[in-house]
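Take a walk through this protein chain, one region at a time. Keep the sequence and the 3D view side by side.

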Amino acid sequence: LNMTTEQLLHIAAIYIDEIYAESYPLMKKNREFVLSELQKEIARFESTLENGMKELQKILEQKRSELTEQYYSWSRGNAELSLTDGVLQSLTRAVHQFDEDSDYNEIREEVRREAYGREDQIREMLQAERQKQTEVCQALEAKQDELEQVRNQKELEPERSSAVETNRKRLKELGIPCYPFYEVVDFDPGMDAQACARLEEALEQMGILDALIVPEEYREQVLATDPGMCDRYLFGDGKKTGESILSCFSVDNPQQDILLYQQIAPVLEQIGFQISSADTWVGADGHYRIGVLEGTVAGQQEARYIGAGTRERYRQQRIQALEQACAVLTAEKEQADERVRSQESRLEKLKLEMETFPDGADLKETAKAFGKAVLLASRMEELVKQARESLDEAGKQLNEVKIQVGEICEKAYLAPRLDLFR
């Protein structure tokens with residue numbers, strides 16, 4: 001109250017300068033206007049920030065949806081790694097929860113586990129197919145070897161044990177003359193094929209077919225075998241029977257060797273033909289007897305060994321049958337090879353399909369950008385908060401100044417107008 005007018009005017013000028021601040025960038029604008037504009041600018045910034053975050057969120061959701069669709073499309077296009085609905089749903093959940101802190105390898109690992117399971121199944125089938133392939137190859141090689149052996153043989157021989165083979169090698173080394181029964185006889189031309197077949201089969205069961213005809217003077221030598229050797233022998237010094245198989249056999253003697261005939265004929269004369277009182281006989285129907293033993297035959301095979309022509313015919317039949325067997329096994333081998341290649345191809349497809357699994361690069365990049373935007377938005381929100389607090393404080397100070405200026409101007413009997421102070 002004791003201030004002079006000049007002092008009051010000076011104080012008012014100071015407060016008015018605080019109010020109008022002509023040096024402010026918005027020159028000649030009062031601070032109320034400036035504060036109002038700043039508040040509007042902050043509001044616009046907040047709106048822009050919010051809209052930007054919403055747009056980023058929309059982009060992130062779009063990338064998640066696109067990647068999910070890529071999973072389904074990728075799975076549908078796969079031949080080996082087609083995922084179940086359960087796995088696809090699990091991947092979808094993982095994608096929609098994916099953010100900047102997530103590891104995409106965890107999603108890939110779930111698919112990789114499925115791939116490992118499929119791979120184990122395929123490898124198991126591949127192993128089984130390779131085993132079949134090996135078995136077919138071995139069977140084919142065995143048949144091819146057998147075919148080559150039959151082709152190279154002049155005549156086929158009945159199967160013999162290793163003990164018999166060893167003994168016959170011994171007899172050959174000793175120079176003992178001996179002849180397998182089937183090699184030195186032939187059927188009488190008047191016998192029909194069925195009788196020949198059953199007669200040969202009966203002789204085979206009796207042990208006579210491949211038995212060795214040996215001169216009597218070598219009896220002791222041939223019977224004195226070493227361990228691991230065995231054989232069957234026919235000697236011509238036995239008891240002759242009435243009707244013998246000499247009536248249905250002839251001695252196969254192309255060289256007309258009288259000594260050979262004299263060795264073979266007595267043997268045939270000891271074996272009765274048809275049912276007789278002889279200790280040993282054989283019938284055209286395959287019925288036979290050896291001492292107290294009698295037997296019959298199955299009657300389901302052709303004659304194979306008695307007679308050179310029979311043996312050659314049987315050899316050609318064997319060659320033909322083996323060729324057919326080799327052809328069948330060759331076809332089976334090709335099929336087995338194809339099945340193995342198919343399983344190997346499945347493994348390659350599975351590997352390629354796993355390699356083409358979507359890498360999620362867009363999602364990872366977008367999630368990373370969104371994470372940075374969230375962090376930046378958080379910082380900007382803090383700055384906006386600080387700016388609002390500063391504006392609020394400035395507003396309070398401005399109100400205080402206005403009150404003080406009004407009081408000063410009232411004391412000086414002046415209106416609080418800027419032009420009056422100039």
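Helices here are DSSP runs of H or I with at least four residues, numbered from the N terminus. One of them is helix α9, residues 308–355, and Arg311 is found in it. Bear in mind that the model is predicted.

Stay with Arg311 for a moment. Is it buried or exposed? Arg311 is buried, because its relative accessible area is 3%, and buried means under 20%. Its contacts, not counting residues up to four places away in sequence, take in several parts of the chain. Arg311 touches Glu155, Leu156, Tyr182, Glu183 and Asp252. It also touches Arg304, Tyr305 and Ile306.

Now step back to the whole chain. It holds 11 helices and nine strands. Of its 422 residues, 35% count as buried. Take the contacts between residues at least 6 apart in sequence: 74% of them join residues at least 24 apart.

Two residues show such long-range links. Start with Ile122, which lies in helix α4, residues 104–152. Ile122 counts as buried because its relative accessibility is 1%. Ile122 and Arg346 are 224 residues apart in sequence. In space, their C-alpha atoms are 7.3 Å apart. Arg346 is also one of the contacts of Ile122, once neighbours within four places in sequence are left aside. The others are Glu80, Gln343, Leu347 and Leu350.

The second residue is Lys364, in helix α10, residues 361–411. Lys364 is partly exposed, with a relative accessible area of 36%. Its C-alpha atom is separated by 7.7 Å from that of Asp99. Along the chain, Lys364 and Asp99 are 265 residues apart. Leaving aside neighbours within four places in sequence, Lys364 is in contact with Phe98, Tyr104 and Asp359.

Phe98 and Tyr104 lead on to the aromatic residues. Both belong to one aromatic cluster, together with Tyr71, Trp74 and Phe357. How many aromatic pairs are there? The count comes to nine. Another ring has a charged partner: Arg219 lies over the face of Phe235, at 4.1 Å from the ring centre.

Next come the sheets. Strands of a sheet pair through backbone hydrogen bonds, either parallel or antiparallel. One open sheet has three strands in the order β1-β3-β4, and its pairing is mixed. β1 and β4 stand at the edges, each with a single partner strand, so one side of each has no neighbour in the sheet. β1 and β3 run antiparallel and are joined by two bridges. Tyr179 stands opposite Ile213 in β3.

A further open sheet has four strands, in the order β6-β7-β8-β9. Its pairing is mixed too. Here the edges are β6 (272–273) and β9 (293–295), each with a single partner strand, so one side of each is left without a neighbour in the sheet. Look at β8, residues 288–290. It pairs with β9 in the antiparallel sense, over three bridges. Tyr288 stands opposite Gly295 in β9.

Helices pack against these strands. Helix α6 covers residues 193–206 and has 14 residues. It reaches 20 Å from its first C-alpha to its last, close to the 20 Å expected at 1.5 Å a residue. Its buried residues include Ala195, Cys196, Leu199, Leu203 and Met206. Two glutamates, Glu200 and Glu201, are among the buried residues as well. What do the buried residues of α6 pack against? They pack against β2, β5, β7 (280–282) and β8.

Helix α8, residues 258–269, has 12 residues. Its first and last C-alpha atoms are 17 Å apart, close to the 16 Å expected at 1.5 Å a residue. The buried residues of α8 are Leu260, Ile264, Ala265, Pro266, Val267 and Leu268. What covers them includes β1 (179–180), β2 (185–187), β3 (212–213), β4 (233–234) and β5 (249–251).

Finish with the cysteines. A disulfide is a covalent bond between the sulfur atoms of two cysteines. How many disulfides does a search of the whole structure find? It finds zero. Cys137 counts as partly exposed, at 22% relative accessibility. Cys326, at 8% relative accessibility, counts as buried.

Note on methods: Residues are numbered from 1 along each chain as its sequence is written. This is a predicted model: local features need pLDDT of at least 70, side-chain atom pairs count only at pLDDT 80 or more; totals for chains, interfaces and linings use all residues. Side-chain values use heavy atoms; hydrogens and water are left out. Rings of Phe, Tyr and Trp (its six-membered ring) pair if their centres lie within 6.5 Å; planes under 30 degrees apart count as stacked, over 60 as edge-to-face and the rest as tilted. A charge sits over a ring if NZ of Lys or CZ of Arg is within 6 Å of the ring centre and within 35 degrees of the ring normal. A disulfide is a pair of cysteine sulfur atoms within 2.5 Å. Buried means under 20% relative accessible area, exposed over 50%, partly exposed in between (1.4 Å probe, protein chains only). The expected span of a helix is 1.5 Å times one less than its number of residues. Contact means heavy atoms within 4.5 Å. Two strands pair if DSSP finds at least two bridges between them.
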